[in-house]
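User: I am new to reading protein models and would like a close look at a single part, the aromatic rings and what surrounds them. Please take me through it step by step.

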2 protein chains.
Amino acid sequence: MLKMVHKITHVTVRDVRFPTSLEQHGSDAMHTDPDYSTAYVVVHTDSGLQGFGFTFTLGKGTEIVVCAVRALAGLVVGKSLQEIVSDFRGFYRLLSSDGQMRWLGPEKGVIHLATAAVLNAVWDLWARAEEHTSPRVFITCADCFFCLTEDQMLKEGYPAYTTSCAWIGYSDEQLKQLCTDALKSGWTKFKVKVGADLEDDTRRCRLIRQMIGPDKTLMIDANQRWDVSEAIGWVSSLAEFKPLWIEEPTCPDDILGHAAISKALAPLGIGVATGEQCQNRVMFKQFLQASALQFVQIDSCRLGSVNENLAVLLMAHKFKVPVCPHAGGVGLCELVQHLILFDYICVSGSLSNRMCEYVDHLHEHFTSPVVIHDAHYMPPKDPGYSCEMLESSVKKHQYPEGDVWKQHKNN
Amino acid sequence: MLKMVHKITHVTVRDVRFPTSLEQHGSDAMHTDPDYSTAYVVVHTDSGLQGFGFTFTLGKGTEIVVCAVRALAGLVVGKSLQEIVSDFRGFYRLLSSDGQMRWLGPEKGVIHLATAAVLNAVWDLWARAEEHTSPRVFITCADCFFCLTEDQMLKEGYPAYTTSCAWIGYSDEQLKQLCTDALKSGWTKFKVKVGADLEDDTRRCRLIRQMIGPDKTLMIDANQRWDVSEAIGWVSSLAEFKPLWIEEPTCPDDILGHAAISKALAPLGIGVATGEQCQNRVMFKQFLQASALQFVQIDSCRLGSVNENLAVLLMAHKFKVPVCPHAGGVGLCELVQHLILFDYICVSGSLSNRMCEYVDHLHEHFTSPVVIHDAHYMPPKDPGYSCEMLESSVKKHQYPEGDVWKQHKNN
């Protein structure tokens, strides 16, 4: 029960971009030069308490999402946290089903990314208002005290895999070095970007498989580069390296295409993983109904915040498909750790075939960055949804007026 | 062959809104108060020739699409029409697959609506550059001279149906009057909005069926109001009024849901129609693959302009499913008449089960408004894609600074 009403007085939003493309961090077969960015939202209340939230973007066009957040803010200002959380479903629908704005989606693309940014901030506000400082904070919000098996998570954390070793723009030397370092730090699961050139992919997969040995886990990720038959052929060629999954083999909208790929690759022991660009729960529902994926990759900023992610976690459980969230970018690891803990503690109760993506970039800009220990996410200890960025980082990276971008322009 | 290069020097975009909600025009079960609007684009060239284009929106949030058009303009300025049309597929991909901006879609929602607005203007520019003044203009652009059966279309036009009689916010009296007028004007096909209240729907459908008699065509449209089982039950209750189709029975993303509804309603002789919120060709492909619709409703402003609409027309033909475009709003009738003529003349060659939506609003704001004769679309005679609005109308309705909105605010 909230002790105060916390009426929302205004919502601010800023365009914050990191020039990651300069070093090819995050490069893949479809996104060759991403500048990891956020539309960064602060929800202000009359009590002085603030909620922080954001959605993740790749640079250009972040201003469009900022514009969409401003449009949604009109539906939020004047509401109190108390009234929101007493009917959160109603509040979600208010934002996603506005009679005029729903034409712009509905529940997809820019307007849904903006919805996620606003709702993430509201969840953060709620968690802070509850004044919890334990990993329970998020779980409390979801009214799921009952099945908290804190101990194991507090001690060992949630298993993670790394994508940091093998972005497509990295050289073989860089890849080898990063892989050596990762092995030393205890990583056992590795993802490689593929899809631009089969010869390159073969060489890079061979290299990594040799370095990690036959028992560690390898995943490959094509970032939607192929059509259906191309995907089946290409992945079959890479089957000798025993990837656990092929991620985003084709267009994220092509449910039936993914089903065909899943069916063709099953005999090779390779599953299909997708979800970081799956626009909403209705699409996930169909992916599950059509047996079109074997690993569900929820995204904390593409789906409509915690609300819609919970719906997908529950559906995945019903269909007995493991959830392995998408993370990385900027801040996605910070957010998604809450979701995955919730999944383990309240929904699935299993770690079988489950792990969460980890990328080692940009955590230093957050007030409560993720803690990784021995290739595991350690439960967050600060109150809130871990969305808050350092004000100094925000100011420096605001686009286009921050120092980083002014400098960049001058070079 | 173009006589000049027509280099694009700049792109302007304006937020133009019509206060249609004041009279409940366009009201349905999900969109109770739309203000029909456009993000209105002009492409300027060094030759002085201009191309006009837009995408359609429902009021609030149009500024987000305007912002997205500005972001895309950077990819267009500096290109020449000659270079664009010599590789139009490449140009389409340039806009839809930008490495940073595709994250905001890809190819859906705000960014795809903006892509449509820009590309519609480029198609208009191309048609004007070709200097045609006959119905051939559009067909010329698509390199499809060969099968032009002008005569029939020039004489009789393309069959249309009307949605103007039965918006959900209209009273029974209004509905009766409009229906009487429409019958007098030669209309034979009528669409009724349903989905808010079954008792109301039953009364309204009975009223219209009584007025039009047993032989004329009735369609019903729920604008996504139901879930799957609700849709089947509700439509079964209205089956006695013999609707040809139920339009948008559920979430536009739920392909498998539409397939289930199609299967359940087939024995009643009622088809499923959908498409005005179908985000792209990949979704249409699956709707066709899954037998999830019996009428394809393309939209000239939701799909990525002419290019993507042509792809969907060809797929529909392959699957032997008739195309009955969505129109109405503001300007959709003006655009879609070109697409439907192309479908008849170059693709389907059939009028069986085919007709195009017509709504009698806001045509007076266009320089070449559609001509309806005896409930048929008469082929356009002016060069271009019929996108150009009267400059006086644009100025008056620009949001928020136009006179109409200044006045509206003062009331």
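Analyst: In this predicted model, A:F88, A:F91, A:W123 and A:W126 are joined by ring pairs into a cluster. When the whole structure is searched over all chains, 28 aromatic pairs are found. One of them is formed by B:F88 and B:W126, whose ring centres are 5.9 Å apart and whose planes make an angle of 50°, a tilted arrangement. This pair brings together distant parts of chain B, since B:F88 belongs to helix α3 (residues 88–96) and B:W126 to helix α4 (residues 109–129), with the two positions 38 residues apart in the numbering. Both B:F88 and B:W126 are buried.

A further pair in chain B is made by B:W245 and B:F295, with ring centres 4.9 Å apart and planes at 55°, so this pair is tilted; the reason is that planes under 30 degrees apart would count as stacked and planes over 60 as edge-to-face, and the rest are called tilted. Here, too, distant parts of the chain are linked, for B:W245 lies in strand β7 (residues 243–247) of chain B and B:F295 in strand β9 (residues 295–296) of chain B, 50 residues apart. B:W245 and B:F295 are both buried.

Rings can also have a charged group placed over them, and two such cases can be followed here. B:R17 lies over the face of B:Y399, 3.7 Å from the centre of the ring. In the other case two chains take part, as the charged end of B:R302 is found over the ring of A:W103, at 4.6 Å from its centre.

Strand β7 of chain B, which holds B:W245, also appears in the surroundings of a helix. In helix α10 (residues 255–265) of chain B, the buried residues are B:I255, B:G257, B:H258, B:A259, B:I261, B:S262 and B:L265. What covers these buried residues includes, from chain B, helix α9 (228–237), β7, β8 (271–274) and α11 (281–289), and from chain A, α10 (255–265) and α11 (281–289).

For a contrast with the buried rings, you may look at A:E156, which is in helix α6 (residues 150–156) of chain A. Its relative accessibility is 46%, so A:E156 counts as partly exposed, because that label covers values between 20% and 50%. Leaving aside residues up to four places away in sequence, A:E156 touches A:H376 and A:M378. The C-alpha atoms of A:E156 and A:Y377 are 8.4 Å apart, although 221 residues separate these two along the chain.

Note on methods. Residues numbered from 1 in each chain as written. Chains lettered and ligands numbered in written order. Predicted model: local features only at pLDDT ≥ 70, side-chain atom pairs only at ≥ 80, totals over all residues. Heavy atoms only, no water. Phe/Tyr/Trp six-rings, centres within 6.5 Å; stacked < 30°, edge-to-face > 60°. Helix = DSSP H or I, 4+ residues; strand = E, 2+ residues; numbered from the N terminus. Buried < 20%, exposed > 50% of the residue type's maximum accessible area, 1.4 Å probe, protein only. Lys NZ or Arg CZ within 6 Å of the ring centre and 35° of its normal. Contact = heavy atoms within 4.5 Å.
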